[in-house]
Amino acid sequence: MLTPAYNMYIGGKWVKSVTGETFLSVNPATEQKIGKFQHGNEEDVKKAIDAAERALPAWSDTPAPKRGLVLLKIAELLKKDKERLGRLVTMEMGKVLSEGLGDVQEAIDIFEYMAGEGRRLLGHTTTSELPDKFAMTIRTPVGVTGLITPWNFPIAIPSWKLSAALICGNTVVMKPSSDTPLCATELVKVMEKAGVPSGVVNLVTGPAKTVGREIVKNRKISGLSFTGSRETGEWIMSNVGVKKVGLELGGKNPIIVMDDADLNLALDGIIWGAFGTTGQRCTACSRVLVHKAVKEKFMKMLVERTKKLRLGNGLDKKTDVGPLVNEAAAKKSEKYVAIGKDEGARMLCGGERPSGRGFFFQPTIFSDVAPGMRIAQEEIFGPVLSVIEISNLDEAIEIANSTDYGLSSSMYTNDVRNAFLAMRKIEAGITYINSPTIGAEVHLPFGGVKKTGFTREAGMEGIEEFSHSKTLYIDYSGRLQKAQIDVK
Ligand code: ADP
């Protein structure tokens with residue numbers, strides 16, 4: 001069968017790269033080719049930036065509620081196309097269909113939410129220290145904004161960034177992950193159909209080392225929003241120059257199971273948190289900190305349930321866990337299994353790559369993990385879970401906080417004191433009580449602390465990443481008044 005070919009979207013036109021080259025996107029469950037994409041380079045990015053610059057004045061002058069109507073239209077079209085797009089998510093990155101559909105639903109939700117923000121874009125009014133003087137802030141666009149997105153939420157994460165960037169009046173150059181260019185292309189097609197004006201959104205597909213780096217370094221780009229690995233995030237921080245930067249760089253997210261927890265509830269949450277999306281969420285649970293009083297009982301339940309999970313193509317309704325995104329990801333899980341064994345952790349189940357096509361990896365549990373082991377510290381981004389024993393709340397929180405990351409976290413407990421101490425003391429951008437580390441809602445801020453980054457996306461805070469706060473003073477006293485100097 002002929003592999004369909006796709007172009008990039010620059011200045012409102014679907015165009016080929018100047019390189020004349022293409023690359024392939026592959027279904028990770030079947031290893032079948034699903035599309036050929038333009039292998040863009042620096043010159044393509046520069047064209048996209050020029051288009052975004054030209055489109056900026058008219059878009060930023062469009063009243064925000066009108067921009068919001070375009071976002072609402074995008075949400076409406078996504079709703080109509082949800083089934084098809086959800087299947088594309090599953091075909092291109094592997095997550096099971098219910099999650100593929102969830103990916104699209106998250107995009108619908110954020111476009112609706114940000115459309116509403118167009119009627120607010122709140123600044124604040126306040127008092128002045130001088131008489132007959134008025135003070136307030138408004139939000140202004142950042143300008144041409146670069147978006148660099150990963151493959152694990154190939155519709156939702158671009159949508160978080162696009163919706164917020166657009167409602168704030170910015171224009172955009174987006175580079176999707178080379179593992180999921182089809183999802184990004186289909187999303188941009190929906191945006192085109194919804195009436196996003198030419199040049200407001202530009203899509204350049206291609207490698208990190210040309211397309212990605214040009215977006216990071218180009219001085220005409222004023223804002224950069226990135227979600228991806230810590231290594232790339234650190235490279236970006238050292239190379240980005242003076243830009244408004246947003247970063248979200250993963251996690252090593254713990255779930256604490258206290259001795260008073262509802263163990264069945266914790267079990268459901270951990271299975272979903274650790275093995276949903278095959279462990280490839282930045283908020284995936286990769287450490288379980290279980291109280292020694294319930295450990296033995298709980299481990300039996302956990303291993304038994306994990307062994308029952310069915311690996312397979314995400315389009316198959318019977319599948320619980322889909323493939324990893326690519327060969328490198330499967331090798332990475334394999335590598336960490338070997339590291340875990342070497343470190344002396346005890347593997348209770350999984351650890352293998354089934355034979356045959358596709359980048360599958362069995363859900364894997366390590367017990368007897370010490371908090372400092374590499375499998376308890378480093379982001380694996382696969383279905384490999386480390387279990388650590390704890391004896392009390394203080395120890396649980398200390399171990400939860402003992403990694404560089406700080407994105408999501410969770411505690412299962414029925415004791416209100418445990419819950420409130422966890423909410424206050426765990427170093428993370430998000431803490432859940434009695435639900436797993438995943439499940440963000442779009443009207444609340446999302447982001448981390450420590451080496452996860454410092455950005456908040458979604459919610460009202462998501463507006464801040466894509467806008468400046470401008471301060472306005474209006475003096476109606478009719479005379480020169482001097483702040484600080486006029487103090488008697
Ligand atoms: P992952 O592939 O695990 O999501 P990466 O950080 O490698 O994490 O990739 C996230 C996104 O960043 C992808 O779109 C990738 O192509 C891009 N990227 C990777 N390295 C760079 C870089 N040095 N500069 C700009 N973009 C990059």
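A salt bridge is a side-chain nitrogen of Lys or Arg within 4 Å of a carboxyl oxygen of Asp or Glu. By this rule the count in this predicted model comes to 23 salt bridges.

**Exercise 1.** Decide which parts of the chain the salt bridge between Asp50 and Lys220 links, and whether its two residues are buried, partly exposed or exposed.

*Solution.* Begin with the distance: the closest N and O atoms of Asp50 and Lys220 are 3.2 Å apart, and because the rule asks for a separation within 4 Å, the pair qualifies as a salt bridge. Next, place the partners along the chain: Asp50 belongs to helix H1 (residues 42–61), whereas Lys220 lies in the loop between helix H7 (208–217) and strand S10 (223–227), so that distant parts of the chain, 170 residues apart, are linked. Finally, turn to accessibility, where partly exposed covers what lies between buried, under 20%, and exposed, over 50%. Asp50, at 30% relative accessibility, is therefore partly exposed, and Lys220, with a relative accessible area of 42%, is partly exposed too.

**Exercise 2.** Work out where Arg84 and Glu186 lie, and which residues share a salt-bridge network with them.

*Solution.* The side chains of Arg84 and Glu186 meet in a salt bridge with an N to O distance of 2.9 Å. Arg84 sits in helix H3 (residues 82–93) and Glu186 in helix H6 (residues 181–193), which places the partners 102 residues apart. Their accessibility must be judged separately: Arg84 has a relative accessible area of 38% and is partly exposed, while Glu186, at 7%, is buried. As a last step, follow the shared partners, through which salt bridges join Asp81, Arg84, Glu186 and Lys189 into one network.

**Exercise 3.** Describe the salt bridge between Arg281 and Glu99, stating whether the residues are buried or exposed.

*Solution.* The N to O distance between these side chains is 3.7 Å. Arg281 is in the loop between helix H9 (263–275) and strand S13 (285–291), and its partner Glu99 is in helix H4 (residues 97–117), 182 residues apart from it. Both Arg281 and Glu99 are buried.

**Exercise 4.** Explain what is notable about the phi angles of Glu31 and Thr278, and describe where each residue lies.

*Solution.* Start from the general expectation that most residues other than glycine have a negative phi. Glu31 is not a glycine, yet its phi is positive, at about 65°; this residue lies in the loop between strand S3 (22–26) and strand S4 (33–38), and at 32% relative accessibility it is partly exposed. Thr278, also not a glycine, has a positive phi of about 55°, and it is found in the loop between H9 and S13. With a relative accessible area of 1%, Thr278 is buried.

Notes: Residues numbered from 1 in each chain as written. Predicted model: local features only at pLDDT ≥ 70, side-chain atom pairs only at ≥ 80, totals over all residues. Heavy atoms only, no water. Helix = DSSP H or I, 4+ residues; strand = E, 2+ residues; numbered from the N terminus. Buried < 20%, exposed > 50% of the residue type's maximum accessible area, 1.4 Å probe, protein only.
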